[in-house]
Amino acid sequence: MTEVLNHLAGRVAIVGSGLAGLVTSLRLAPQPVVLITRAELGAETSSAWAQGGIAASLGEDDSADLHLTDTLAAGDGLCDAVAAASILRQAPAAIAMLESFGVTFDRTTNGAFSLGLEAAHSRRRILHVGGDGSGAAIVRALVEAVLRTPSITVLTDFEVRRLLVEEGILRGLLGATRNGAAILPTAHIVMATGGIGGLYDATTNPVGNFGQGIMLAARAGAELTDMEFVQFHPTALDSQRRPLALVSEAVRGEGATLVNERGERFLASEAGAELAPRDVVARAISAELARGGRVFLDARRPLGSRFARRFPQIDALCREAGVDPSCELIPIRPAAHYHMGGIATDDNARSKLQGLWAVGETASTGLHGANRLASNSLLEAAVMGMRAAQDIAGMAAVAPQRVRGIALPAPADVSAVRSIVSRHLGVLRNTGAIHGAIASLLPLAESEGPASDPAMVALLIAVFASMRRESRGAHARTDFPLKLAYAERRKMSLDEALEIARTTASHPLARSA
């Protein structure tokens, strides 16, 4: 029997407890909200695993305009410049807001913010909390603030499986709890469910994150955008750990270099060298691995014995893998790290579906374009959480008069999808691989089995990738290596994507791939 949570009906429902969801909840206080998370509050979130920190133009030699210039360059022509500029201008306000909730950023001896440098940034503008544990420290402070806020009702161990929509009107959500199925009737939902890294074998994300928010929104009728752009972090620690541990870009910011098994700095001639944009570095590393080589991060000379003090968590992860980074090379490989695509939103985080907002990695605001600039993700999550809350604040609680329940879908199983995505939709792509992915994923997505939901998200990535016949940012095609003169973002509904997928899957090339 399905339980209806009438005592919470009409409240704003925020799905996900990473940085974006926590900020949205806190900024809506004292308006009553329900914060829903499938794990413990703040756990299994990419935000909590972020090492690098949060980007903000707070240095004396910096400005929002310089930050925008770097962001647009990294985004490879596909950023929404107006949206990006407005988000970056709010960086100081976002930092002040986080401090007001108890986040304590690292400072120098004279009290100024301690600003780090990361790849493709022209200035030191990365704020940290506790060195390389920034994400965990920020989330911990916000979780404590949430627990002190009486207007926030937290539902843990609640996995949202469907949004309930009737005649184009959002009426609530359906989820699985320890006691079975439950419905929360509401007309206002904020999706803050994180990224899609769990679709890949090699990822730095929580492996359970397969793009649930994208799937929920797509099935409910929202538009998706830029789904083909999956950023692979160039330097994941190559070890047996799953998910792969991240070796932050900040290590290269401190002077570490990339070398192959022959000791060659294969990026030395590239503009920016090791601090080139992530897509450039990931492609170069992938090329080295494709020829049968190995790639290492060399921090011995610039950091040496200081490594453990500057990067205590990374040092511990390296030693877990049997590597002493102060005197040994660190083996690395690219891994799925961040998704620039997602639910299409406007400047206030609203989706096309009335009553549905999306914030954080599950949304696509246009800030990142084809390739995310390092440490812009936490900034976007904070700013868009603030904006969603401001947009929603004061709206009258709406408890739908009638909510028609549906059968609770089976728990998702990503295993059948992961091998397809990893093989066909990695750093380097081509027509045969993309069409092969579509042909394999379509029947899974259209089934009612446990692979359906993750296959649906993966299929969207493949369909968008098939439409982009160029190499731009994180989308690299060996059969279309050049960049088109005109950069175009693409929006699509699930129905449109399925129609393209069915046509593609019927093609002989797709069937034989």
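**View 1. Contacts of His 339 in a predicted model.** The model shown here is predicted. His 339 touches Ile 196, Ile 214, Asp 226, Met 227, Phe 229, Val 230 and Glu 361, leaving aside its neighbours within four places in sequence. His 339 belongs to strand 16, residues 330-339. Is His 339 buried or exposed? His 339 is buried, with a relative accessible area of 1%. One polar partner is in its own stretch of chain: the backbone oxygen of Gly 341 lies 3.3 Å from a polar atom of the His 339 side chain.

**View 2. Strand 9 and its pairing with strand 8.** Strand 9 spans residues 169-177. Seven of its nine residues are buried, so the strand counts as mostly covered. Strand 8, residues 159-166, pairs with strand 9 in the antiparallel sense. Seven bridges hold this pairing in the assignment. Among the bridge partners, Arg 162 is matched with Leu 174 in strand 9. The two strands form a hairpin with two residues between them. Glu 167 sits in that turn and has a positive phi of about 55°. Most residues other than glycine have a negative phi.

**View 3. Strand 9 and its pairing with strand 10.** How many bridges join strand 9 to strand 10? There are six bridges, and the strands run antiparallel. Strand 10 covers residues 180-185. Thr 177 stands opposite Gly 180 in strand 10. Here too the connection is a hairpin, passing from strand 9 to strand 10 through two residues.

**View 4. Two cis peptide bonds before proline.** Most peptide bonds are trans. Ala 29 and Pro 30 are joined by a cis bond, with omega about 10°. Pro 30 lies in the loop between helix 1 (19-28) and strand 3 (33-36). Arg 242 and Pro 243 are also joined by a cis bond. Omega there is about -5°. Where is Pro 243 found? Pro 243 is in the loop between strand 13 (230-237) and helix 8 (249-253).

**View 5. Positive phi at Asp 76 and Ser 375.** Asp 76 is not a glycine, yet its phi is positive, near 55°. Its place is the loop between helix 3 (64-74) and helix 4 (81-89). Asp 76 counts as buried at 15% relative accessibility. Ser 375 has a positive phi of about 65°, although Ser 375 is not a glycine. Which elements flank the loop that holds Ser 375? They are strand 19 (363-364) and helix 12 (376-392). Ser 375 is buried, with a relative accessible area of 5%.

**View 6. Cysteines without a disulfide.** A disulfide is a covalent bond between the sulfur atoms of two cysteines. How many disulfides does the model contain? The count comes to zero. Cys 318 is in no disulfide. Its nearest cysteine sulfur, that of Cys 327, is 11 Å away. The cut-off for a disulfide is 2.5 Å between sulfur atoms, so this pair does not qualify. Cys 318 is buried, with a relative accessible area of 0%. Cys 79 is buried as well, with a relative accessible area of 15%.

Methods. Residues are numbered from 1 along each chain as its sequence is written. This is a predicted model: local features need pLDDT of at least 70, side-chain atom pairs count only at pLDDT 80 or more; totals for chains, interfaces and linings use all residues. Side-chain values use heavy atoms; hydrogens and water are left out. Buried means under 20% relative accessible area, exposed over 50%, partly exposed in between (1.4 Å probe, protein chains only). Helices (H or I, at least four residues) and strands (E, at least two) are DSSP runs, numbered from the N terminus. A polar contact is a pair of N or O atoms within 3.5 Å; within protein, one must be able to donate a hydrogen and the other to accept it, and residues adjacent in sequence count only if both atoms are side-chain atoms. Contact means heavy atoms within 4.5 Å. Two strands pair if DSSP finds at least two bridges between them.
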